Each structure stands twice: as structure tokens, then as C-alpha cells.
Amino acid sequence: QLQLVESGGALVQVGGSLRLSCVVSGSIFRFDFMGWYRQVPGNQREWVASISVGEMPNYADSLKGRFTISRDNAKNTVYLQMNNLKPEDTGRYFCKKVPGDYWGQGTQVTVSS
């Protein structure tokens, strides 16, 4: 059974850093296109970053320079390193796998001022 499990969310102060992880099971991960999204209650889910195989990662323009997506195919894991966090980064962060449009349950990030 294919499953995505995110972790690493926490309460952090402005300017802090977090690294989110998403472990994928039940898939040939090294061929998967992976993305991170975030959502604040009442708002639509927002694309953050994505990473494919053999291509450069892509980021939402507003997040370039602070967020870094990476993957470890040996661990079936995609990461999101988030630096210099701001209150507007607060939200629930989800990873997504394509093909198949699979989502994890999300992990909560709260940035406190």
C-alpha cells in the first residue's frame, strides 16, 4: 500500500529553521516527482517546491533563497529545509507524489513572533 508520511513540523520562533521529511513507501521512489505544499485554514493549498529526477528543483518565487527541497532515494525520503522562518510560513505542510496524485497527512509548522 502506497503511503506518504510527513514529519518535522514544530513550533519555532521567527528566524528559526526546520527540516521537514516525507517518507514514501509502496512506490518506486526514485522515479517519483515529489512536491511540498502548504495550507492555512480557510485558504487553498499552496505549492512550495518540487523536485523531479535528474532536474533542478523548483520553488515558489516568494520562497527562493529560504527553502530547499532535496531527496534521498536510498531512504525513499524527500526533505524541505526551511530557514529564516517568518510568521507567514505558518501552516500545515504536505508532500505529494506524482504519478498518482498521492498526499500525506501533513505536518504542522507554526512560526511564533
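Two strands pair when DSSP finds at least two bridges between them. With that in hand, let us walk through this predicted model, beginning with the whole chain and then moving to strand E8 and to Val40.

**The chain as a whole**

The protein chain has zero helices and 11 strands. Its radius of gyration is 13 Å, close to the 13 Å that the globule rule gives for 113 residues, so the chain is as compact as a globular protein of that length. Along the principal axes, the C-alpha atoms fill a box of roughly 40 × 25 × 25 Å. Of the 113 residues, 42% are buried. The accessible surface amounts to about 6100 Å², and carbon and sulfur atoms account for 49% of that area. As for charge, the chain carries 12 positive and 9 negative charges, whose mean positions lie 3 Å apart. Contacts also reach across the sequence: taking those between residues at least 6 apart, 53% join residues at least 24 apart.

**Strand E8 and its partners**

Strand E8 spans residues 77-82 and is mostly covered, with five of its six residues buried. Which strands pair with E8, and in what sense? The table sets out the two pairings.

| Strand paired with E8 | Residues | Sense | Bridges | Bridge to Tyr79 |
|---|---|---|---|---|
| E3 | 18-25 | antiparallel | six | Ser21 |
| E7 | 67-72 | antiparallel | six | Ser70 |

Tyr79 is a handy landmark here: in E8, this residue is the bridge partner of Ser21 and also of Ser70. If you trace the backbone from E7 into E8, you pass through a hairpin with four residues between the strands. One residue to look for in that turn is Asn76, which has a positive phi of about 50 degrees. When you look at the side chains, one general point helps: in a regular strand they alternate between the two faces of the sheet.

**Val40, a loop residue**

Where does Val40 lie? Val40 sits in the loop between strand E4 (33-39) and strand E5 (46-51). Is Val40 buried, exposed or partly exposed? Its relative accessibility is 35%, so Val40 counts as partly exposed, since that class falls between under 20% for buried and over 50% for exposed.

Val40 also has company from elsewhere in the chain. Setting aside neighbours within four places in sequence, Val40 is in contact with Thr90 and Gly91. Glu88 is another residue to view alongside Val40: the two are 48 residues apart in sequence, and their C-alpha atoms are 9.5 Å apart in space.

Methods. Residues numbered from 1 in each chain as written. Predicted model: local features only at pLDDT ≥ 70, side-chain atom pairs only at ≥ 80, totals over all residues. Heavy atoms only, no water. Buried < 20%, exposed > 50% of the residue type's maximum accessible area, 1.4 Å probe, protein only. Helix = DSSP H or I, 4+ residues; strand = E, 2+ residues; numbered from the N terminus. Rg over C-alpha atoms; globule rule 2.2 N^0.38 Å. Contact = heavy atoms within 4.5 Å. Areas by Shrake-Rupley, 256 points an atom, 1.4 Å probe, with all protein chains shown as cover. Lys, Arg positive; Asp, Glu negative; His and termini not counted. Charge placed at Lys NZ, Arg CZ, Asp CG, Glu CD.
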